Structure formats: structure tokens, C-alpha cells
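This report looks at a metal site and at two residues with an unusual backbone angle. Please have the model open while reading.

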Amino acid sequence: MEEKLKIAIQKSGRLSEKSLELLKECGIKISNTDRKLKAEARNFPMEILFLRDDDIPQYVEQGVADLGILGENEVWEKDKDVDIVEQLGFGNCRLSLAIPKEEEYTGISYFQGKKIATSYPKILLKYFAEKGIDVKIEEIGGSVEIATGIGLADGIFDIVSTGSTLIMNGLKEVDAIVKSEAVLIANKSLNDEKKALLEKLLFRIRAYKKGSGSKYIVMNAPNESIPEICRILPGMKSPSILPLAEEGWSSIHSVVQEDEFWDVIDALKDVKAQGILVMNIEKMIL
Ligand code: ATP
Ligand code: ZN
């Protein structure tokens, strides 16, 4: 029988849509996404399992699923024997310590002997053990941000993305301990056929990540600016240069990374580039 990759994704929550979108961007078509328990891919040997994110590391460790998509924070907390094979670039957040805003924070030793509410006891204990600070941990499943308000704990340790939930609950973030994003995890003993399928999937994921992190730009410039423009544009190789009908002018095409994009645009304007067009790149294969 032909092997299929079984991939576990979050059934419903912050990572669900993005996980499905990633598979779609990898050209994988899924027949029924009504999220009962399983769905089949129509054009890739893959089965999608919809689970709670907390359960995914265990299923992948046991081989019930071959792969999983979930927050790195959850992978660390569950501490199962799985491989992290790729950072996926979405679901970005951090795990932070927060205390009531009127409290004076004196540094990490502030927490000595204090009680902290969290859904991530393992990560937190490890952190304080390394610092040699004793804390009491109150493990709760959700709504951690209300724990100080109701007198359950002196501080909290929780996921933060913008910080607005903390502010709404009268808290201030005092220490960001780790950053997290969604990752692809894999079972450690995939057979050769499944390994080959994983490589195929990874190739597509990487092409999508590179493409979505880059922009294709086209501009017009006087020929005397071309050497300088070539220096500014990092591109994949050197930029493509096409003569315009107007004497002495050229059209220049290149690829720019999103994170350096605005600096590059500013520099290009300074050397008389004009009519700059910016386009999304769907996939990029180097
Ligand atoms: P489940 O029902 O599957 O157990 P959950 O309630 O544990 O879901 P979600 O709140 O959907 O989980 O979050 C899933 C993941 O999304 C988190 O583990 C984290 O990696 C990531 N994430 C990114 N930003 C945030 C945020 N602002 N709050 C919570 N999680 C976030
Ligand atoms: Zn969960």
C-alpha cells in the first residue's frame, strides 16, 4: 500500500486557519475540512488529523501522527521526544512574566517565594531553577490573566502577543522569557517512504516561506544610476535590466526581502529610481 503522511493540526484555535492555509499554499487540496477528525488530501499522499494542540506532541511521539503543526511553546511544555523540523513563521508570540501594574518590580529576584499562575509549569520551573529562585507554581488551564485579580497568585506567566490582554487585566509585563512561533514537528522514526514525502513537503513549505518573505520590484531609472542601483539591490543574482523606449532609461527588475524592503526603497529613490512597482511573490525556488 502506498504510504501516506499523517499530519496533525489544531482543530479549532489560533493556528487552525493558518495551518490549513500553509497546506493549501503547498498545493495540497483537502476534500472535507469540516473538521470532524480526519480529512484526506486529494492530490498528495496525506491525511490531516484535527486535534487539540496539547495532544499533538504525544500523538507525534507515538507515531499516531507522523507530523504536527503547533506552537513551539506547546512543544517545549509537553517535552516529548519529537523532532522540530521547520519554523513556520506564523503564530508568533512570547511567554512572559507579568505582575499587577501598581507593584514595583525589582528584577527577577522579585519572584523569590512568590506564587505564579500559568499553563506552562515545566517551562517556568526550568527557567527559575536555572536562576536559582524558588517560586510556587499554580497550574491552571486557561484565563491565566485573571489569576492575580482574584487573589490566586502574585504574578502570572502566560502567552503575550500584543500585551493588550495584560493591560485590560491591570497587569504589566516584566520579563519576556522565550519567543515562540508555529513549527512543524516530526516523529523520530519515519520510514524512508515517509521521509521522502516529508522532504517533498518541506521543499514546498520553504518555497512558500521565501516567496512570502520577498517582494518583486520593478522600476525605471536613468542609465547613469544603474551601477548604484545594482549596489543597493541585494537580489538573487544581479538584477535584470531592460532598455526602455525612451533613450537613456532602463527598467530594472529584482527581488527584495520584506524586512529590508523600506530601506531599499528609500535608497532607490535617492538615486532617481521612479515608477517603482512592488509585487507579491507566490513561490520562490532557488
Ligand atoms: P486547543 O483547544 O487546541 O488546546 P488553545 O486554547 O490551547 O487551543 P490557542 O489559544 O488557539 O490554543 O493558541 C494556540 C497557539 O497559538 C499557542 O500555543 C501559541 O503558540 C499561539 N499564539 C500566538 N499568539 C497567541 C496569543 N495572543 N494568545 C494565545 N496563543 C497565541
Ligand atoms: Zn491547547
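Asp-54 is partly exposed, at 23% relative accessibility, whereas Asp-53 is buried at 17%. Buried means under 20% relative accessible area, exposed over 50%, and partly exposed in between (1.4 Å probe, protein chains only). This is a predicted model, in which local features need pLDDT of at least 70 and side-chain atom pairs count only at pLDDT 80 or more, while totals for chains, interfaces and linings use all residues. Residues are numbered from 1 along each chain as its sequence is written, chains are lettered from A and ligands numbered from 1 in the order in which they are written, and side-chain values use heavy atoms, with hydrogens and water left out.

Asp-53 (OD) and Asp-54 (OD) are the protein donors of the zinc ion (ligand 2), at 1.9 to 2.0 Å from it. Donors are N, O and S atoms within 2.8 Å of the metal (3.2 Å for Na, K and Ca); water is not among the atoms, so sites may look incomplete. The angles among the 4 donor atoms of this zinc ion run from 77 to 171°, and the site is irregular. Four donors count as tetrahedral if all angles lie between 85 and 135 degrees; four count as square planar and six as octahedral if opposite donors are over 155 degrees apart and all others between 65 and 115; anything else is irregular.

Most residues other than glycine have a negative phi. Two residues with a positive value are listed here.

| Residue | Phi | Relative accessible area |
|---|---|---|
| Ser-143 | near 45° | 45%, partly exposed |
| Lys-272 | near 70° | 57%, exposed |
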